[in-house]
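Visitor: I am new to this structure and would love a tour. Could you show it to me and take my questions one by one?

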Amino acid sequence: MSEKERALAARTVLQQCLRARLQVRPAGERSEAEFVQMDRGTVLYICFFKGATDDILPKMASTLLNLRLCEADSGKLSSLLELPGSLLIVPQATLGGEAKGRAVQYHTDISKEDGLRLHSAFVSLREQEAAKAGPTVRHGSYGNRQVLSLDTNGPFTHLMEL
């Protein structure tokens, strides 16, 4: 099967940032909202499509972390693995939306159960690799509304389809 004939498994967006803060649990009646935060690093928005399997995860992790998107102090673009920095993984089902008329439809998104499984497996893979010698990994909760605050220093954003 050619690359063009292969079904799209995931869509990601990488965004370089100086600081990010993501709500991972909304406030409850008796609890305050919980957040994860990071300083300099990369935010990875990720959406899985129907038919995606665990097979894509190692390639996805390698490709995303070796992409030269981050600006070093020298101004040279480097990968997240080459810089001190963090990775914030944000599940973002809306990346799978397709405009139909004046509405957006999400018929190609993976089921919630399979999306949660793939998201958890991807986060676990990244955490294992980070423990060896990589960036600190933070992540959002799959299925929650993603309330995110982000400070950037330029338009270092990249869309990737796998």
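Visitor: What is the volume of the largest pocket?
Guide: Keep in mind that we are looking at a predicted model. The largest share of the pocket's lining, three residues, comes from E4. As for the space itself, the largest pocket has a volume of about 350 Å³.

Visitor: Which residues lie closest to the centre of that largest pocket?
Guide: The lining of the largest pocket is made of 15 residues. Those closest to its centre are Gln 92, Ala 93, Thr 94, Asp 109 and Tyr 142.

Visitor: And the closed spaces: which residues line the largest cavity?
Guide: The structure holds two cavities of 30 Å³ or more. The largest cavity has about 50 Å³ of space. Its lining consists of Gln 16, Arg 40, Gly 41, Cys 70, Leu 80, Leu 83, Pro 84 and Gly 85.

Visitor: Let's turn to the interior. Which element gives the most residues to the largest nonpolar core?
Guide: The largest nonpolar core has 27 residues, and Leu 44, Phe 48, Met 60, Leu 64, Ile 89 and Phe 122 are those with the most contacts inside it. Two or more residues each come from strand E1 (10–17), strand E4 (41–48), helix H1 (57–66), strand E7 (86–91) and helix H2 (112–133). The element that gives the most, with five residues, is H1.

Visitor: Which residues does Leu 64 contact, leaving aside its neighbours within four places in sequence?
Guide: Leu 64 is one of the residues with the most contacts inside the largest core. In soluble globular proteins, nonpolar side chains tend to be buried together. With those sequence neighbours within four places set aside, the contacts of Leu 64 are Thr 12, Leu 14, Leu 44, Phe 122 and Met 160.

Visitor: How many residues make up the second, separate core?
Guide: Among the members of this second core are Cys 17, Ala 20, Cys 47 and Leu 95. Its total is 14 residues.

Visitor: Is E4 mostly covered or mostly uncovered?
Guide: Let's look at the pairing of E4 before its burial. E1 and E4 are antiparallel and share eight bridges, with Arg 11 bridged to Cys 47 in E4. E4 also pairs with E7, in the parallel sense, over six bridges, and there Val 43 has Leu 88 of E7 as its bridge partner. Eight of the eight residues of E4 are buried, so by the cut-off of under 20% relative accessible area the strand counts as mostly covered.

Visitor: Now the open sheet of three strands: which are its edge strands?
Guide: Strands of a sheet pair through backbone hydrogen bonds, either parallel or antiparallel. In this open sheet the order is E3-E2-E11, with antiparallel pairing. Neighbouring strands are turned by 15° against each other on average, direction ignored. The strands that pair on one side only, and therefore form the edges by that description, are strand E3 (34–38) and strand E11 (148–151).

Visitor: Which residue in E3 is the bridge partner of Ala 20?
Guide: Strand E2 (residues 19–25) runs antiparallel to E3, and five bridges join the two. In E3, the partner of Ala 20 is Met 38.

Visitor: Arg 21 is in strand E2. Is Arg 21 buried, exposed or partly exposed?
Guide: Arg 21 contacts Phe 35, Val 36, Gln 37, Val 147, Leu 148 and Ser 149, leaving aside neighbours within four places in sequence. Its relative accessible area is 39%, and because this lies between 20% and 50%, Arg 21 is partly exposed.

Visitor: What about Ile 110: how far is its C-alpha atom from that of Cys 47?
Guide: Ile 110 lies in the loop between strand E9 (103–105) and H2. With a relative accessible area of 10%, Ile 110 is buried. Ile 110 and Cys 47 are 63 residues apart along the chain, yet their C-alpha atoms are separated by 8.3 Å.

Visitor: One last stop: what is the relative accessible area of Ser 79?
Guide: The loop between strand E6 (77–78) and E7 is where Ser 79 sits. Not counting residues up to four places away in sequence, Ser 79 touches Leu 65, Asn 66, Leu 67, Arg 68 and Cys 70. Ser 79 is buried, with a relative accessible area of 3%.

Key. Residues numbered from 1 in each chain as written. Predicted model: local features only at pLDDT ≥ 70, side-chain atom pairs only at ≥ 80, totals over all residues. Heavy atoms only, no water. Core = buried A, V, L, I, M, F, W, Y, C linked by side-chain atoms within 4.5 Å. Buried < 20%, exposed > 50% of the residue type's maximum accessible area, 1.4 Å probe, protein only. Helix = DSSP H or I, 4+ residues; strand = E, 2+ residues; numbered from the N terminus. Contact = heavy atoms within 4.5 Å. Axes fitted to C-alpha atoms, helices over the stretch in contact; angles between N-to-C directions. 1 Å grid on protein atoms, 1.4 Å probe; cavity = no way out; pocket = protein on both sides within 12 Å on 5 of 7 lines; lining within 4 Å. Points joined across faces, edges and corners; volume = space filled by probe spheres on them.
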